[in-house]
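Open the model in your viewer and keep the selection panel handy. We will go from stop to stop, and at each one I will tell you what to pick next and what is there.

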Amino acid sequence: MEKYILYGGEIEGQYREVLIYAVISKPDQFLVHWDGFEVGTINKMDGKWYTSSVDLINVTNELGKFIDENREKFLF
């Protein structure tokens, strides 16, 4: 994990500071921290975003859309 994007905005109706790290060893997998804590990972498979993190279930598509729109910033 070398690069990240800092995103500030509303998640679940609250303002959060979000760090999204690309996982170098696994394409289309991203580690998510918010408000200073690791929350989990999101993965893109077959064009859809998924997570196993309970905290990210409601915001996976929102974060995935942000990653898709800013994909060039994640390229190494």
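## A tour from the hairpins outward

Begin by selecting S4 and S5: these two strands run antiparallel and are joined by four bridges. Within this pair, pick Lys44 and you will find Trp49 of S5 opposite. S4 and S5 make a hairpin that leaves two residues between the strands.

Now click on Asp46, which sits in the loop between S4 and S5. The phi angle of Asp46 is near 50 degrees, a positive value in a residue that is not glycine. Is Asp46 buried or exposed? Asp46 is exposed, at a relative accessible area of 82%.

Before going further, a word on what you are looking at. This is a predicted model, so colouring by confidence is a good habit. The mean pLDDT of the protein is 81, with 75% of the residues reaching 70 or more. S5 has the highest confidence, at 96, while strand S1 (residues 4-11) has the lowest, at a mean of 58.

**Next selection: S3 with S4.** Strand S3 covers residues 29-34 and strand S4 covers residues 37-45; the two pair in the antiparallel sense over six bridges. Show Leu31 and look across to S4, where Thr41 stands opposite. S3 and S4 also form a hairpin with two residues between them, and Asp35 in that turn has a positive phi of about 50 degrees.

**Next selection: Asp28.** Step back to the loop between S2 and S3, where Asp28 is placed. Asp28 is not a glycine, yet its phi is positive, at about 65 degrees. With 32% relative accessibility, Asp28 counts as partly exposed.

**Next selection: Arg71.** Helix H2 spans residues 71-74, and Arg71 lies in this helix. Which residues does Arg71 contact, leaving aside its neighbours within four places in sequence? They are Asp28, Phe30, Lys44 and Trp49, so highlighting them brings back Asp28 from the previous stop and the Lys44 and Trp49 pair from the opening one. Arg71 itself is partly exposed, with a relative accessible area of 26%.

**Next selection: Ser53.** Go to the loop between strand S5 (48-51) and helix H1 (60-69), where you will find Ser53. Ser53 counts as buried because its relative accessibility is 11%, under the 20% cut-off. Leaving aside neighbours within four places in sequence, Ser53 is in contact with Val39 and Gly40.

**Next selection: the nonpolar core.** Show side chains for Ile20, Phe30, Ile42, Leu56 and Leu63: of the 14 residues in the largest nonpolar core, these touch the most other members. Strand S2 (14-22), S3, S4 and H1 each supply at least two residues of this core. Phe30 may look familiar, as it was among the contacts of Arg71.

**Last view: the whole chain.** Clear your selections and switch to a cartoon. The protein has two helices and five strands, and along the sequence they follow the pattern β-β-β-β-β-α-α. Of the 76 residues, 39% are buried. Among contacts with a separation of 6 or more, 26% come from residues 24 or more positions apart. Turn on the surface to finish: its accessible area comes to about 4900 Å², and carbon and sulfur atoms account for 49% of that.

Methods
Residues numbered from 1 in each chain as written. Predicted model: local features only at pLDDT ≥ 70, side-chain atom pairs only at ≥ 80, totals over all residues. Heavy atoms only, no water. Buried < 20%, exposed > 50% of the residue type's maximum accessible area, 1.4 Å probe, protein only. Contact = heavy atoms within 4.5 Å. Areas by Shrake-Rupley, 256 points an atom, 1.4 Å probe, with all protein chains shown as cover. Pairing = 2+ DSSP bridges. pLDDT = per-residue confidence, 0-100. Core = buried A, V, L, I, M, F, W, Y, C linked by side-chain atoms within 4.5 Å.
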